[in-house]
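Hi everyone, thanks for making time this morning. Let me put the structure up, and then we can walk through it together.

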Amino acid sequence: MTTKERNWKPATQLVHAGTLRSQFGETSEALYLTQGYIYDSAEAAEARFKGEEPGFIYSRYANPTVDMFEKRMCALEGAEDARATASGMAAVTAAILCSLKAGDHIVAARALFGSCRWVVETLAPRYGIACTLVDGREIANWEKAVQPNTRLFFLESPTNPTLEVVDIAAVAGLANSVGARLVVDNVFATPLQQKPLELGAHIVVYSATKHIDGQGRCLGGVVLSDKEWIDKNLHDYFRHTGPSLSPFNAWTLLKGLETLPVRVRQQTENAGRVADFLAGRADISRVIYPGRADHPQADIVKRQMGGGSTLICLDLKGGKKSAFAFQNALEIIQISNNLGDAKSLITHPETTTHKNLTAEARAELGIGSGTLRISVGLEDTDDLIADIDSALERAA
Ligand SMILES: *Cc1c(COP(=O)(O)O)cnc(C)c1O
């Protein structure tokens, strides 16, 4: 990436950074749907494999369309390098496994996306990597969990679904003081509203399936960090295990990036209005929205986030019965566990995304029978509020 691209504002980077224009001068990014590449001669193939000549070798290693997506994400995140993956979970798994070896220890926030929690709690221990889960809201809990072999800290902020926040700079400081690295799953805040690398994190991961696509089309993910760590720790893992993003999905995600700032800005504004409406209702016992002054950790939100996010968590007074009746009565807001989409989506974590946790673990995370998560989309907020209002009336 050029210095010029690095200095552009995010909206400009998201339209132009990393573009590799072919000899045909196409306006839109080209879709290089190819597995391999042809060499001009046997000598050229030899030189390419030796690394003496630049160029692509095989799409499991690198592909021009995927390369454009990685470069554009680097520009936006302010990262030196990146590797794109087939899904967000492939990115999280790679970031964790490539940072550790048998005998190492992870400290992770307990409020994690379900599959992330499975990776640190169930998968990693099979390979001799121990994990301690903590309530990430207090830095003292992170400090207490550190062991001599702690090499990795892992967190998500705001969390799913209760939108708790973790003080990223404080955890990064602790990681540095004990010689560990901090991985931040930055999906909920998006790269536009939170910059973990600037706050001191070492590695940032995304599910590009969420806001980056934002239109419900494809899965994708990305790991971003410094060039040295990617060269030394991630590069060979990618080449040899193949969690690679398909060129078609990279192309779709590039198109998503062009409109990301416009969508995230509008969805955040919509979420703020919907949250204010929900907070004024007597049939709702709790509304958590990072953009509201009554968020339990509003001071940290103010320090590390540039926006309130596109997600809202709420509790209906009538428990599961009311939560189900409310969801079923909605006409515009659709029932789906996805998020960050142009379509507003609602989910009941207890019976869907968090059903595999024990009742005790759900209680620790503040997930009750009446808890719902809304991902606010691009519809007109007057229509969304009318939809919620009439569904609450019918559910009562
Ligand atoms: C969705 C999500 C993931 C997993 O991403 P996929 O693309 O579905 O594999 C990881 N972390 C968070 C916070 C998510 O929301």
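Let's begin with the lining of the largest pocket, which by class has 12 nonpolar, 6 polar and 13 charged residues. Please keep in mind that this is a predicted model. The space in this largest pocket comes to about 740 Å³, and 31 residues line it. If you want to find its centre on the screen, look for Tyr61, Ala62, Asp67, Arg83 and His235, the lining residues that lie nearest to that point. Which elements give two or more residues to this lining? They are α4, covering 64–77, β1, covering 81–85, and α10, covering 227–241.

Now for the second largest pocket. Its volume is about 630 Å³, and its lining is made of 33 residues. Nearest the centre here are Met89, Phe113, Gly114, Ser115 and Cys116. Two or more lining residues come from each of α5 (88–97), α6 (114–126) and β6 (203–207). The largest share belongs to α6, with 7 residues. Sorted by class, this lining of the second largest pocket has 13 nonpolar, 14 polar and 6 charged residues. Where do these residues come from in terms of domains? Domain 1 (3–258) and domain 2 (260–395) each provide at least three of them.

Next, the ligand. There are 13 residues around it, and those that come nearest are Gly88, Asp185, Ser207, Thr209 and Lys210. Three of these are worth pointing at one by one. In the side chain of Asp185, an N or O atom is 2.6 Å from a nitrogen atom of the ligand. Ser207 places a polar side-chain atom 2.8 Å from a ligand oxygen atom. For Lys210, an N or O atom of the side chain is 2.7 Å from an oxygen atom of the ligand. How much of the ligand does the protein cover? On its own the ligand has 380 Å² of accessible area, and the protein covers 92% of that.

Let's keep Ser207 and Lys210 in view, as both also line the largest cavity. Searching the whole structure turns up 1 cavity of 30 Å³ or more. The space inside the largest cavity is about 40 Å³. Along with Ser207 and Lys210, its lining consists of Val187, Thr190, Pro191, Tyr206, His211 and Ile212. At least two of the lining residues are supplied by α9 (190–193), and at least two by β6. By class, that makes 4 nonpolar, 3 polar and 1 charged.

My last stop is a loop with some backbone features to look at. As background, most peptide bonds are trans, and most residues other than glycine have a negative phi. With that in mind, please find the loop between β4 (150–156) and α8 (168–177), where Pro158 has its place. Is the peptide bond from Ser157 to Pro158 cis or trans? It is cis, with omega near -5°. Moving along, Pro161 is in the loop between β4 and α8 too. The bond that leads into Pro161 from Asn160 is also cis, and here omega is near 0°. Then there is Leu163, again in the loop between β4 and α8. Leu163 is not a glycine, yet it has a positive phi of about 55°.

So, to recap what to look for when you open the model yourselves: the pocket of about 740 Å³, the pocket of about 630 Å³ with residues from both domains in its lining, the ligand with Asp185, Ser207 and Lys210 among the nearest residues, and the loop holding Pro158. Thanks for listening!

Technical notes: Residues numbered from 1 in each chain as written. Predicted model: local features only at pLDDT ≥ 70, side-chain atom pairs only at ≥ 80, totals over all residues. Heavy atoms only, no water. 1 Å grid on protein atoms, 1.4 Å probe; cavity = no way out; pocket = protein on both sides within 12 Å on 5 of 7 lines; lining within 4 Å. Points joined across faces, edges and corners; volume = space filled by probe spheres on them. Helix = DSSP H or I, 4+ residues; strand = E, 2+ residues; numbered from the N terminus. Nonpolar A, V, L, I, M, F, W, Y, C, P; charged D, E, K, R; others polar. Domains from an automatic or database assignment. Near = heavy atom within 4 Å. Polar contact = N/O pair within 3.5 Å; in protein donor to acceptor, adjacent residues only side chain to side chain. Areas by Shrake-Rupley, 256 points an atom, 1.4 Å probe, with all protein chains shown as cover.
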